[in-house]
Amino acid sequence: MSTLIHLPAAAKRIEALQQADGSIPWIEAGLWDPWNHGESAMALAVAGRVETCFAALEALFDRQEHDGGWTGELGAGVPLDDTNRRLVVDNPATARDTNFAGYAAVTVLRAALALDRPDWLDRYAAPVRRAMAFVLSCQTREGDFVWRKPGDGETLDTVDSLRAGNACLYKSLECAIRLEQALGGETRELIAARTRLAEALHDKDWRFDRKSVDRRRYAMDWYYPVLSGVHSIEESRRRLEAGWARYVIDGLGCRCVADEPWVTAAETAELALACQAVGWTAKARKLIADLSPLAAKSGGYWMGWQFEEEILWPQERPAWTAAAVVLAADAIEHLTPGSDLLVTPLKGISPASPGAKPPAS
């Protein structure tokens, strides 16, 4: 049982949002994508919810498309209502996101470990392989992955690569390798792709955000390379130290964006995971404890806190927000088997160079 969070209440919130077909949208109004659905499925596994976790995994792969990818709704781009409090879900933009697809490997492996269901690795091996084939088809010659599958008439060169998404894909490739190792499958292509991606994340900063605004104001671009395991512990600690004052508000949590007065539960939980990954357990525990004011009485967590206006904002309790906090508590407190999966890189396949120097933020 967790001493950091009310785990049953968080799981109950996720289950309350789960649909009859097993899918888990962001909020009551909708919004679905495979990454946040997978995050929620893993949290259900940590909470011991076998039936609803299984239903979520089945729903995930029921929605998989012929080439291994998914079409997900882009919730980050939806507007707020006239009160500036609630998300308006009305024909959101969609994309076939590579990071979202790769996260299927993490989802299956984490759920199978938490619930001691090795048979799930066999059950979902084929669709995970299709997902990774979709991802690998989007790797450029320089080693980075474009953020979405190019459409008709587009090439890889016309689509941007995002730093946080690529860092997450580095972990997804690791989990796909772990899954294949458990099943005695082929890993060479996955290892080669992961090695090339590590080189891009270390030495080719110019490959990221080429066609969009510089995203380094987003906290995810700061801590995700740490969470991915692509850097050494020493490098990762230096990276976190360099950006700490920019992104962290003591006693409140982690900003979503460096120049906005808004801390969010999900970013704070993920930063706690990054801290746990470098051995800063006390910092990780404090970050989760700082989220207690965002814990909703009816279950789950409010998305964030606007600390200049001192209001909950927006007034939404996404499934994935609760899930992020659950997964962080699991990694810190070792609640279930495989609790270190998200914070401990698999030894023997990491190509990270001890001499590489990651950007500070």
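**Exercise 1. Cysteine C275**

Find the cysteine sulfur closest to that of C275 in this predicted model, and decide why the two form no bond.

Solution. Step 1: the closest cysteine sulfur to that of C275 belongs to C254, at 9.2 Å. Step 2: a disulfide requires the two sulfur atoms to lie within 2.5 Å. Step 3: the sulfur of C254 is therefore too far from C275 for a bond. As for its surroundings, C275 is buried, with a relative accessible area of 0%.

**Exercise 2. Cysteine C175 and the disulfide count**

State which cysteine sulfur is closest to that of C175, and how many disulfides the structure holds.

Solution. Step 1: for C175 the closest cysteine sulfur is in C168, 9.2 Å away, which is too far for a bond. Step 2: C175 is buried, and its relative accessible area is 0%. Step 3: the structure has zero disulfides.

**Exercise 3. Helix α6**

Compare the reach of α6 with the expected value, and say how many of its residues are buried.

Solution. Step 1: α6 spans residues 163-183, 21 residues in total. Step 2: from first C-alpha to last it reaches 31 Å, close to the expected 30 Å. Step 3: 17 of the 21 residues of α6 are buried, so the helix is mostly covered. Step 4: G184, just after α6, has a positive phi of about 75 degrees.

**Exercise 4. Residue D33**

Locate D33 and describe what its side chain reaches.

Solution. Step 1: D33 sits in the loop between α1 (7-17) and α2 (34-46). Step 2: D33 is buried but has no salt bridge; R63, the nearest side chain of opposite charge, is 9.7 Å away. Step 3: the D33 side chain reaches the backbone nitrogen of W35 at 3.0 Å. Step 4: leaving out residues up to four places away in sequence, D33 touches W26, G72, E73 and F100.

Definitions and conventions
Residues are numbered from 1 along each chain as its sequence is written. This is a predicted model: local features need pLDDT of at least 70, side-chain atom pairs count only at pLDDT 80 or more; totals for chains, interfaces and linings use all residues. Side-chain values use heavy atoms; hydrogens and water are left out. Helices (H or I, at least four residues) and strands (E, at least two) are DSSP runs, numbered from the N terminus. The expected span of a helix is 1.5 Å times one less than its number of residues. Buried means under 20% relative accessible area, exposed over 50%, partly exposed in between (1.4 Å probe, protein chains only). Lys and Arg count as positive and Asp and Glu as negative; His and the chain ends are not counted. A salt bridge is a side-chain nitrogen of Lys or Arg within 4 Å of a carboxyl oxygen of Asp or Glu. A polar contact is a pair of N or O atoms within 3.5 Å; within protein, one must be able to donate a hydrogen and the other to accept it, and residues adjacent in sequence count only if both atoms are side-chain atoms. Contact means heavy atoms within 4.5 Å.
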